[in-house]
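Here are some worked exercises to try with the model open in your viewer. Have a go at each task before you read its solution.

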Amino acid sequence: MFALASGSGRAGVAVIRLSGPAVPEALAALVGGVPEPRRAVLRRLRHPRTGEVLDRAVVLRFASPASFTGEEVAELHVHGGRAVIEAVGEALLACGKGIRPAEPGEFTRRAFLNGKMDLTAAEGIADLVAAETEAQRRQALAQAEGALAATVAGWAERLTRALALSEASIDFADDGVGDEAETEALALAQAVEGEMEAALAGARRAERVREGFRVAIIGAPNAGKSSLLNRLAGREAAIVSARAGTTRDVIEVRLDLGGQAVTLADMAGLREAEDEIEAEGVRRAFAWAERADLVVAVFDGTAEAPDAATRVVVSARPGGCIGVASKSDLGVRLAEVDGVPLLPVSSVTGEGIERLAEALTAAIAGLAERGAGGAVLTRARHVSAVSSALAALRRLPVAALPEMRGEELRLALRELGRLTGRVDVEDVLEVVFRTFCVGK
């Protein structure tokens with residue numbers, strides 16, 4: 001199989017990756033020989049049927065099993081024009097030998113099936129390809145290099161020993177080792193249980209690093225929410241008008257704040273709606289704000305009193321809210337609301353925008369640090385497997401018989417096996433690999 005492993009579009013160099021037992025024959029047909037493994041050579045690529053020169057390319061070969069997929073692998077570093085890439089692809093198909101274009105994620109899937117990595121590492125590679133921020137890159141790289149797999153392997157090793165002790169307490173009960181073995185088995189399981197709980201506590205943080213933190217900008221109509229969004233985004237993302245109720249739907253902008261991915265959302269003003277469309281916008285605003293990791297509450301700084309609807313949201317989120325007094329260029333009357341200090345901001349002059357960005361960055365960094373220790377469970381699949389294993393361990397102390405305790409340990413080990421892909425993985429393979437791009 002083969003695919004373009006570099007990005008699509010015009011570029012100086014494009015990398016076409018091949019994998020499979022027919023790689024040496026394909027190279028012989030295209031470049032007139034099979035290069036030594038792990039040695040870059042410059043060769044002319046020729047069409048196997050017509051002999052026409054297609055391009056001059058750097059050719060790299062990786063012999064099985066010392067390759068990404070564990071199979072024979074080669075890379076053709078050609079010029080990045082679309083015509084060159086298409087001509088080389090056509091030439092590869094003309095080689096025969098069952099050579100075909102790769103499916104999305106097929107290279108990494110073969111690496112998994114050939115034992116070159118486990119499922120968590122494969123998911124880490126997918127996240128590394130998709131990483132947009134420094135925090136996402138660090139987290140994905142740690143997972144791709146086996147951080148989660150190593151943690152799970154440690155859990156599995158101790159639970160396997162606990163299971164062996166549990167079995168020994170049954171088989172050698174008459175020899176006086178039963179109680180001692182059971183006590184050690186329970187101690188091992190309880191230690192793993194505590195580590196799993198810590199990992200699950202940090203799962204939301206890890207998921208947010210991967211997908212992006214959610215920040216809602218809320219306030220009354222004409223409080224200056226849309227202008228503030230545009231200032232923070234550095235572009236005209238939302239329509240700004242003196243007419244109240246201009247924003248009806250949720251407008252989302254993706255930002256990088258201090259190396260963290262953030263989705264910043266402007267939404268309908270909080271008030272009694274005048275029609276059914278605005279009513280739906282207000283409902284969506286409340287729903288988005290409820291799910292947000294952080295709220296920026298915008299109050300009209302020139303008003304004599306804060307609007308009631310925004311005030312309710314602020315009071316419901318102690319510690320999870322940044323207060324803003326907008327229109328500071330016109331004079332500010334409001335300094336705080338229910339103990340939350342308001343940062344004076346003007347979207348006209350830019351006053352306070354930098355301070356607000358710094359406050360947002362600090363707040364997001366604080367959220368990212370919570371639960372940062374322990375295993376990084378970045379996906380719902382990870383959380384589900386660890387939660388099931390943890391539930392089995394929690395049932396151990398109340399199991400009536402040693403045989404029942406042994407079965408609970410087997411269930412926990414089976415769930416950990418599903419996490420890394422060591423057992424029962426056919427039902428999750430498609431979910432894992434269908435998110436990959438072609439050529440990876």
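**Exercise 1: a strand and its neighbours**

Strand β9 (residues 294-300) is mostly covered, with 6 of its 7 residues buried. Buried means under 20% relative accessible area, exposed over 50%, and partly exposed in between (1.4 Å probe, protein chains only). Strands (E, at least two residues) and helices (H or I, at least four) are DSSP runs, numbered from the N terminus.

Before going on, note that this is a predicted model: local features need pLDDT of at least 70, side-chain atom pairs count only at pLDDT 80 or more, and totals for chains, interfaces and linings use all residues. Residues are numbered from 1 along each chain as its sequence is written, and side-chain values use heavy atoms, with hydrogens and water left out.

*Task.* Find the strands that pair with β9, then place β9 in its sheet.

*Solution.*
1. Two strands pair if DSSP finds at least two bridges between them.
2. Strand β6 (residues 213-219) runs parallel to β9, with 5 bridges between them. One contact point is G219, whose bridge partner in β9 is V298.
3. β10 is also parallel to β9, joined by 6 bridges. Here V295 has C321 of β10 as its bridge partner.
4. Continuing outward, β10 (residues 321-326) pairs with β12 (residues 340-344), again parallel, over 3 bridges. G323 stands opposite L342 in β12.
5. The full order is β7-β8-β6-β9-β10-β12-β11, an open sheet of 7 strands with mixed pairing. β7 (251-257) and β11 (336-337) are the edge strands, each with a single partner, so one side of each has no neighbour in the sheet.

**Exercise 2: the nonpolar cores**

*Task.* Which helices each supply at least two residues of the largest nonpolar core?

*Solution.*
1. Start from the rule: a nonpolar core is a set of buried Ala, Val, Leu, Ile, Met, Phe, Trp, Tyr and Cys residues joined through side-chain atoms within 4.5 Å.
2. The largest such core has 28 residues, and W155, L159, M196, L393, L409 and L416 have the most contacts inside it.
3. The helices are α6 (147-171), α7 (178-201), α13 (380-394) and α14 (402-420), each giving at least two residues.
4. To see this in one residue, select L159: leaving out residues up to four places away in sequence, L159 touches A189, V192, M196, L393, L409, A412, L413 and L416. Contact means heavy atoms within 4.5 Å.
5. Another core, of 27 residues, lies apart from the largest one; V209, V215, L294 and V345 are among its members.

**Exercise 3: charged pairs**

*Task.* What do the salt bridges R17 to E75 and R379 to D127 tie together?

*Solution.*
1. A salt bridge is a side-chain nitrogen of Lys or Arg within 4 Å of a carboxyl oxygen of Asp or Glu. The whole structure has 25 of them.
2. R17 and E75 meet at 3.8 Å, N to O. Because R17 lies in β2 (residues 13-19) and E75 in β5 (residues 73-79), the pair ties together parts 58 residues apart in sequence. Both R17 and E75 are buried.
3. R379 and D127 meet at 2.8 Å, N to O. R379 is in the loop between α12 (353-369) and α13, and D127 is in helix α4 (residues 119-130), so this pair links parts 252 residues apart in sequence. R379 and D127 are buried too.
4. Finally, look for E71, R100, E106 and R110: salt bridges that share partners join them into one network.
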